[in-house]
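Work through the exercises below with the sequence and the 3D structure open. Each task is followed by a solution in steps.

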Amino acid sequence: MRTILVLNAKGGSGKTTLATNIAGYFADRGDAVALADFDIQHSSLDWLAARGEDRPAIRGIDAAGQGLRVPAGVDVLVMDAPAATHAEALGSLVKRAQTIVIPVIPSPVDMRAAEHFISELMTVRVVERHEVKIATVANRAREGTQAMTGLGEYLEALKLPGGRKLPFLATLRASVNYLKAAERGLSIFEFAPAATQIDRECWTPLTRWLASSRSIP
Ligand SMILES: Nc1ncnc2c1ncn2[C@@H]1O[C@H](COP(=O)(O)OP(=O)(O)O)[C@@H](O)[C@H]1O
Ligand SMILES: [Mg+2]
């Protein structure tokens, strides 16, 4: 089973947006997908509740309420982390994942918080031992803004323990398509192609990485 965790201690960075779109991407491809919501706000489970019966099914797991109980037969488990995940809770969440995606938005406050969070993450034992693959994604990007340039430079420069580069995979633009998708329990991959073409192109390096062995330790 592929296990993918979307993680950042900061609320509003796009964890639920990425988790639901990753789940929708794999479901649309024909994989058996489960979406585990570790947040007591249940935003991922709300998204699932809005999803039409005609769409490829995604199984919801209320991990915040009932723990992580994964049904048999799941190919891809996508985990949506809560905000403010630190210390022991961070360690135990990270241990469950082969792959971690960290969304960061181009705001000075978020970038400072991301800096602290990523340094903490680098001290988690499985990360130090390279037993988990990690990548960053810039989210809610507005092209050409100073904040975006700063975020890009910051994410490009990040290093893993031991000095290897922490891959910065994709820049997802701020787009109303994510709001439309969220409302309807869809991913941007499930709209008419023309409607979300630019956003899909932004996602390509991320989905390619997630679907390849490069994101598996
Ligand atoms: N790329 C984006 N473009 C537009 N809106 C976005 C984008 N990413 C996230 N949002 C919106 O920002 C808000 C916070 O995102 P969310 O995914 O819920 O963050 P988190 O789960 O980290 O708290 C939501 O209203 C979401 O729809
Ligand atoms: Mg969330």
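The exercises that follow treat a predicted model.

**Exercise 1. The sheet**

Task: State the order of the strands in the open sheet and how they pair, then say which strands stand at the edges.

Solution:
- Step 1. The open sheet has seven strands in the order 3-2-4-1-5-6-7, and the pairing is parallel.
- Step 2. Strand 3 (58-61) and strand 7 (168-173) are at the edges; each has a single partner strand, so one side of each has no neighbour in the sheet.
- Step 3. On average, neighbouring strands of this sheet are turned by 20° against each other, direction ignored.

**Exercise 2. Strand 6 and its surroundings**

Task: Find how many bridges join strand 6 to strand 7 and how many join strand 5 to strand 6, then decide how far strand 6 is enclosed.

Solution:
- Step 1. Strand 6 and strand 7 run parallel and are joined by four bridges. Alanine 141 stands opposite arginine 173 in strand 7, and threonine 136 has phenylalanine 168 of strand 7 as its bridge partner.
- Step 2. Strand 5 pairs with strand 6 over six bridges, also in the parallel sense. Here isoleucine 100 is opposite isoleucine 134 of strand 6.
- Step 3. Helix 7 (residues 146-157) packs on the sheet and touches strand 5 (99-104), strand 6 and strand 7. The direction of helix 7 makes about 175° with that of strand 6.
- Step 4. Helix 9 (residues 197-211) lies across strand 1 (2-6), strand 5, strand 6 and strand 7, at about 150° to strand 7.
- Step 5. Nine of the nine residues of strand 6 are buried, so strand 6 is largely enclosed by the rest of the structure.

**Exercise 3. Two positive phi values**

Task: Alanine 87 and arginine 140 have positive phi values. Is alanine 87 buried or exposed, and is arginine 140 buried or exposed?

Solution:
- Step 1. Alanine 87 has a phi near 50° and lies in helix 4 (residues 87-94).
- Step 2. A residue is exposed if 12 or fewer other C-beta atoms lie within 10 Å of its own. Alanine 87 has 9 such neighbours inside 10 Å, so alanine 87 counts as exposed.
- Step 3. Arginine 140 has a phi of about 60° without being a glycine, and its place is in strand 6 (residues 133-141).
- Step 4. The cut-off for a buried residue is 20 or more other C-beta atoms within 10 Å. Arginine 140 has 22, and is therefore buried.

**Exercise 4. The two sides of helix 4**

Task: Name the buried residues of helix 4 and say what covers them.

Solution:
- Step 1. Leu90, Leu93 and Val94 are the buried residues of helix 4. They are on the same side of helix 4, because the arc they cover around the axis is only 95°.
- Step 2. An α-helix has 3.6 residues a turn, so residues three or four places apart point the same way.
- Step 3. The cover over the buried residues of helix 4 includes strand 1, strand 5, helix 5 (108-121) and helix 6 (125-128).
- Step 4. Glu88 and Ser92 are exposed on the other side of helix 4.

**Exercise 5. The shell around ligand 1**

Task: How many residues surround ligand 1, and which are the closest?

Solution:
- Step 1. Ligand 1 is surrounded by 17 residues, the closest being Gly14, Lys15, Thr16, Thr17 and Ala174.
- Step 2. Helix 1 (15-29), strand 6 and helix 8 (176-184) are the elements that give two or more residues to this shell.
- Step 3. Sorted by class, the shell around ligand 1 holds six nonpolar, nine polar and two charged residues.

Conventions. Residues are numbered from 1 along each chain as its sequence is written. Chains are lettered from A and ligands numbered from 1 in the order in which they are written. This is a predicted model: local features need pLDDT of at least 70, side-chain atom pairs count only at pLDDT 80 or more; totals for chains, interfaces and linings use all residues. Two strands pair if DSSP finds at least two bridges between them. Axes are lines fitted to C-alpha atoms, for helices over the stretch in contact, and angles run from 0 to 180 degrees between N-to-C directions. Two residues are in contact if their C-beta atoms, placed from the backbone, lie within 7 Å. The arc is that of the directions from the helix axis to the C-beta atoms. A residue is near a molecule or strand if its C-beta atom, placed from the backbone, lies within 6 Å of it. Ala, Val, Leu, Ile, Met, Phe, Trp, Tyr, Cys and Pro count as nonpolar, Asp, Glu, Lys and Arg as charged, and the others, Gly among them, as polar.
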